[in-house]
Amino acid sequence: MTITNDDNDRHQNRCEKMEANDNNVRSQYTIGSNDFILVDEVGERPKKNVKEKFHEFSSCLNSNSKTMFTYKTITKRLPILQWWPTYSVDDGIGDLLAGITVGLTLIPQSMAYSALAGLPPQQGLYGSFVGCLMYVFLGTCKEVPMGPTAIVSLMTYNTLHGLGPVYGTLLCFLTGVIQLIMSVVGLGFLIDFISGPVNSGFTSAVAILIVASQFKDLIGIKAAGTTLLDMIISISKDVKNFQMGDTWLGIICIVIILLLRRMALCQIGPKDVKAQTTFHKIMNRSMWMIGTFRNSIVVIVSSYVGYMYITSVGHDVNSDEIPPIPFKLVGKIPSGLPEFDLPKFSITRENGTTVGFFEMVSEIGSGVIVLPIIGLIETISICKTFADGKPVDATQELLATGLCNIGNSFFHAYPGSGSFSRSAVTAASGVRTPLEGLYAGILVIVALLFCTSYLYYIPKAALAAIIVAAVIFMVEVRVVRPIYRSKKSDLIPGLATFFACLVLPLEIGVLIGIGLNLVSILYHAARPKLLIEVHKTRDGINYLMVTPDRCLVFPSVDYVRNLVMKQSLKRELPVVIDCSHIYGADFTAAKVIEMLTQDFSKRGQALFFYNLKPSVVAVFEGVQPKGFITFYHRHDLDQLFQRWKQQRQQIENSSAD
C-alpha cells in the first residue's frame, strides 16, 4: 500500500493535473539505456495480438529501410560526399604536399614495422596503399594515415608466433571482418571502457617491448620472444655474437634521426610568424622538411653505404648468399604490385597435411579478438586528438578501418590502423582533406613498381633505428604526475596494465587493465554515496534524512539497507529516505525494500520515502511491501509523523492495559 500525502481530494486533483501535463510534454526521444530512464507514466500497456505485432514490426522495418538510403545516412557513411563538393585548388595543393610527405615517411616505416611483425618487408608495403585509398572515401579524420603501425605490428608478432605471411594475411582479413561486424552492431562504445591510464600504461609497455624487440637487429644477433623477460633471456644467449658493424650503424642512425627530429622543431627569428623575414620563413620551412624526411634520408644514405659495400666486394645481388659485409641487409624484395587474391582459408603443409580454416584460427589464438580493438583504439585516439572539439563517430571509424583491413587482405597485407607518428606529420604538412591518402598510396605503388631493386641495400639496423627513434617517445612518463595529482587511485589500473603487458602476453595485459576498470566501475555502483543528516519538523520531531546519490540496483541495495539499519538503530530516530536521485530500481532492490519496511514496522520505527519516482514506485509495489509509505511534499511529512505518533501512542496504551 502506498500513501501519498494526507489522501485529501485537493492533493489528489493536483497530482492528476500534474500527470496530465507530464503526458502532454513527454519527450519523444530517449538516449542511452532504457533500463533506468525516468518514466512517470505507470500503467498497463494494451496487449497486442500476433497480427498487430507483425504489422508493427513490418512498419518499423520499412521505416528503417527508408532512412537507411536517405542522403543524410549515405553522406554519413561516405564522408567524401561531405567535403568533395566544396573541394578547392588550395585544398588540392595542401593534400598533395601532405600526401608526398607522408608517403616518403610511410615507405621506410612500413618496411620496418613489417620486420617488427616478423614478416617480410614487402608485406608492410602491400598494406600501405589499398587502405590509404579506401580511407579517402570512408574516413572522417583527415589526419589519419592508414597503414602498418608499431603497436599493431607488435600485436601481430605476438599473435602469429612465427606462423608466416599466409597467417598474417588471414589475420588482416579476420581483423577487418570483426571491426566491420562491430560497426554494424554498434559496438564502438566498447572503447569507452578503456580509460586514459590503462591506455597510457599499455602504450608505454608496448614502446619498451618494441625497443627490446629491435635490439637484436641493432647489434646483429638472433633473438625472439613475446614478453620482456623472454626477449632479455633470448638476447643474453646470443649477445656474444654481436656484430660491430650493425651496432655502430644502428647507433649512428638513431643519433641522426633524433638530431633531425630536433631540427624539425627548431625555429630561427621571431616567434611571431608575421614578424619573420622571408629568409627566416625559408630556413624554418627547410629545416622542418629535412627533419620530417629524416627516416627517408637515413634510409637513402644507409642504402647508398650498403650499395658501396656490395659493389666493392663484387657480390651478386641475385644470389641467395649472404653478402660478406659488416652489417645485414634487407635483401631481395619481389618487384611489382601483389596479386589480387582472397586470403587463404586453408593451407597444405610440406608433409601433405591440410590445415582447415578453424584450425588456422585456433593457431592464431585470442589475439584475433584483441587486435581489432587495439587498432580501433589507436585510430580513435588520433581522431580525438585532431577533432578540434567536434564529436568523433567511432562507428564510422570502425567501418572504415574494418573495410580497409579487408581490402588490404586481398593484397597479401597484414593488419594496420592509423599511425600516431605519421598523423603528426600529416597535420604539420598542412593537410586539408583525407584525399592526401591518395597521393601517399600512389607513392607506395610507384616504389613497388620501380624501386624494389634499390630496397635490397637497406641495412636492417637502419630500419631498427627508425622504429626505436619513433617509439621511445611513446613511453608516457609525463602523465604519471597529473594522474597522481588528479586521482591517485587511477594509477592502479595504469601501472597494473603497464607491468602486466611487460611480463605477460599483450592481450592478457590489456584484459587485466580493462578488468580493473570494470571492477572500479562496479565498486562505485555497489557503494553509492549516502548523505545522512538529522532534521527537525515544524512540530519539533527529529528524524534522520538519508539521501542516496544514484539508482538502487542489486549490487548496491544491500549496502544501502545495512547503512540505513545501522544509523536508525544507533540514533533511534524515524527515517526518511530522500529518493530524488533514484531514477531506477530492479526486483532485488524491491525485495530488499520490502525487508527494510518489515524491519522498521516490527520495531515500531517510522520509515518514509520522499519524492520517489512513479516508475520506481511501480517496481517496489510489484512485491507488495507492507508499510511502504511515500510522500512528495515536505509539509505532508508533518501529517505523516503526527499519524505515526498517534498510532504509536495507541499501541503503547493498549500494551499498558
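Start by selecting helix α25 (residues 587-603) in this predicted model, and show the side chains of E594 and K591, which both lie in that helix, 3 residues apart, or about one turn of the helix. These two side chains form a salt bridge, in which the closest N and O atoms are 3.1 Å apart. When you add a surface, compare the two partners: E594 is buried, with a relative accessible area of 12%, whereas K591, at 35% relative accessibility, counts as partly exposed.

**The cavity beside α25**

Keep α25 on the screen and add helix α24 (554-571), since α24 and α25 each supply at least two residues of the lining of the largest cavity. How many cavities of 30 Å³ or more does the count give? The count comes to 1 cavity, and the volume of the largest cavity is about 70 Å³. Of the 14 residues that line it, the ones to select are L552, V560, I577, I593 and F609, which are the closest to its centre. Helix α24 gives the most to this lining, with 4 residues. If you colour the lining by class, you will find 13 nonpolar residues, no polar residues and 1 charged residue.

Now stay with L552, which is found in the loop between β6 (542-548) and α24. Is L552 buried or exposed? At 5% relative accessibility L552 counts as buried, because the limit for that word is under 20%. You can also draw a distance from L552 to A526, a residue 26 positions away along the chain, and the C-alpha atoms of the two should come out 9.1 Å apart.

**Other salt bridges**

The structure holds 4 salt bridges, and the next one to select is formed by R432 and D91, with the closest N and O atoms 2.8 Å apart. Why does this pair tie together distant parts of the chain? R432 lies in the loop between α18 (420-428) and α19 (436-450), while D91 belongs to helix α5 (residues 89-116), so the pair ties together parts that are 341 residues apart in sequence. With the surface shown, R432 counts as partly exposed at 42% relative accessibility, and D91 is buried, with a relative accessible area of 13%.

Then select K142 and E143, whose side chains meet in a salt bridge at 3.0 Å from N to O. Here K142 counts as partly exposed at 26% relative accessibility, whereas E143 is buried, with a relative accessible area of 6%.

**Aromatic rings**

Turn next to the rings, of which the structure holds 19 aromatic pairs. A pair of aromatic rings is described by the distance of the centres and the angle of the planes, and both values can be followed in the examples below. Select F340 and F410: their ring centres are 5.6 Å apart and their planes stand at 65 degrees, so the pair is edge-to-face. F340 lies in the loop between α14 (294-313) and β2 (347-348), and F410 in the loop between α17 (394-409) and β4 (417-418), so this pair ties together parts that are 70 residues apart in sequence. On the surface, F340 counts as exposed, at 60% relative accessibility.

Move on to F608 and F641, an aromatic pair that is also edge-to-face, with 5.4 Å from centre to centre and 70 degrees between the planes. F608 sits in strand β8 (residues 607-610) and F641 in helix α27 (residues 635-656), and the pair links these distant parts of the chain, 33 residues apart. F608 counts as buried at 4% relative accessibility, and F641 is buried as well, with a relative accessible area of 1%.

To see a group of rings together, select F129, F173, F340, F345, F357, F358, F410 and F411, which form one aromatic cluster. The pair of F340 and F410 that you looked at earlier belongs to this cluster.

**Charges over rings**

Finish with two places where a charged side chain lies over the face of a ring. Select R261 and F473, and you will find R261 over the face of F473, at 3.7 Å from the ring centre. Then select K488 and Y484, where K488 lies over the face of Y484, at 4.8 Å from the ring centre.

Technical notes
Residues numbered from 1 in each chain as written. Predicted model: local features only at pLDDT ≥ 70, side-chain atom pairs only at ≥ 80, totals over all residues. Heavy atoms only, no water. Buried < 20%, exposed > 50% of the residue type's maximum accessible area, 1.4 Å probe, protein only. 1 Å grid on protein atoms, 1.4 Å probe; cavity = no way out; pocket = protein on both sides within 12 Å on 5 of 7 lines; lining within 4 Å. Points joined across faces, edges and corners; volume = space filled by probe spheres on them. Nonpolar A, V, L, I, M, F, W, Y, C, P; charged D, E, K, R; others polar. Phe/Tyr/Trp six-rings, centres within 6.5 Å; stacked < 30°, edge-to-face > 60°. Lys NZ or Arg CZ within 6 Å of the ring centre and 35° of its normal.
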